[in-house]
Amino acid sequence: MALRQILHHPDPRLRTRATPVTRFDDELAVLIEDMFETMYDAPGIGLAATQINVHRRVIVVDVSTDRSAPLHLVNPELVETSGEEEMEEGCLSVPGIFETVRRAECIRVRARNRTGQTFELDADGLLAVCIQHEIDHLDGKLFVDYLSQLKQGRIRKKLEKEQRLAV
Ligand code: NI
């Protein structure tokens, strides 16, 4: 297993649309293990392959407080959504920024596991928000895209400045 580097906004690679996984092989298993390790190390509750510059449709999630609910979804698709809720979100690719985003309250997601088996999962609350946030990453979308242009501009400037200082 290995820690992977997480891309930070406004890195243009975060805007890449990921392609579906077609081979359920050892390379995929290693990718998923590395994603869990990177997410837990950060620490975070979700990570999309896009964030480590791998443009395949894979996400990992664990919304528990003790790493007891690891979940990986390959080629995830929302098949049903209902309701609306607002929650404060953050993102490992947008460090230090927390803003309220409105999303569906309840979702049904269809995905494959690491061996290629299809499954469906119903989720609400934090898990539903997290899965929607991670699927957005696979489409090149960030949670800050839901904010006003003014806020987006401020966030972009702040992160660009921090990245210059960090070099
Ligand atoms: Ni994120």
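Student: In which segment does Pro-10 lie, named by its place relative to a helix?

Tutor: This is a predicted model, in which local features need pLDDT of at least 70, side-chain atom pairs count only at pLDDT 80 or more, and totals for chains, interfaces and linings use all residues. Residues are numbered from 1 along each chain as its sequence is written, and side-chain values use heavy atoms, with hydrogens and water left out. The helices referred to here are DSSP runs of H or I with at least four residues, strands are runs of E with at least two, and both are numbered from the N terminus. On that numbering, Pro-10 is found in the segment before H1.

Student: What is the geometry of the peptide bond from His-9 to Pro-10, and what is its omega?

Tutor: The residue to consider is Pro-10, which sits in the segment before H1. The bond that leads into Pro-10 from His-9 is cis, with omega near 5 degrees.

Student: Which residues does the other cis peptide bond, with omega about -10 degrees, join?

Tutor: The proline of this bond has its place in the loop between H1 and S1. With omega at about -10 degrees, the cis bond joins Ala-42 and Pro-43.

Student: How many residues has helix H1, and how far does it reach from its first C-alpha to its last?

Tutor: Helix H1 covers residues 26-41, which is 16 residues. The expected span is 1.5 Å times one less than the number of residues, which for H1 gives 22 Å. The model is close to that expectation, since H1 has 16 residues and its reach from first to last C-alpha is 22 Å.

Student: Against which strands do the buried residues of H1 pack?

Tutor: Buried means under 20% relative accessible area, exposed over 50%, and partly exposed in between, with a 1.4 Å probe and protein chains only. In H1 the buried residues are Leu-28, Leu-31, Ile-32, Asp-34, Met-35, Phe-36, Thr-38, Met-39 and Tyr-40. Taking contact as heavy atoms within 4.5 Å, these buried residues of H1 pack against strands S1 (46-48), S2 (58-61) and S3 (71-82).

Student: Which residues coordinate the nickel ion?

Tutor: Donors are N, O and S atoms within 2.8 Å of the metal (3.2 Å for Na, K and Ca), and water is not among the atoms, so sites may look incomplete. Along the chain, the donors of the nickel ion follow the spacing C-x41-H-x3-H. At 2.1 to 2.2 Å, the coordinating residues are Cys-91 through SG, and His-133 and His-137, each through NE2.

Student: Is His-133 buried or exposed, and at what relative accessibility?

Tutor: His-133 belongs to helix H2, while Cys-91 lies in the loop between S4 and strand S5 (99-103), so the pair links parts of the chain that are 42 residues apart. Cys-91 is buried, because its relative accessible area is 12%. His-133 likewise counts as buried, because its relative accessibility is 6%.

Student: What is the phi of Asn-53, which is not a glycine?

Tutor: Asn-53 lies in the loop between S1 and S2. Its relative accessible area is 34%, which means that Asn-53 is partly exposed. Although Asn-53 is not a glycine, its phi is positive, at about 65 degrees.

Student: At what relative accessibility is Asn-75 placed, and is it buried or exposed?

Tutor: Asn-75 has its place in strand S3, and its backbone has a positive phi of about 55 degrees although the residue is not a glycine. The relative accessibility is 15%, and therefore Asn-75 counts as buried.

Student: What separates the C-alpha atoms of Phe-119 and Pro-76?

Tutor: Phe-119 is in strand S7 (residues 118-124) and is partly exposed, because its relative accessible area is 23%. Not counting residues up to four places away in sequence, Phe-119 touches His-72, Leu-73, Val-109, Arg-110, Ala-111, Arg-112 and Asn-113. Phe-119 and Pro-76 are 43 residues apart along the chain, and the separation of their C-alpha atoms is 9.7 Å.

Student: With which residues is Arg-102 in contact, leaving aside its neighbours within four places in sequence?

Tutor: Arg-102 is found in strand S5. Its C-alpha atom is separated by 13 Å from that of Gly-90, 12 residues apart along the chain. Once the neighbours within four places are left aside, the contacts of Arg-102 are Glu-84, Glu-85 and Glu-86.
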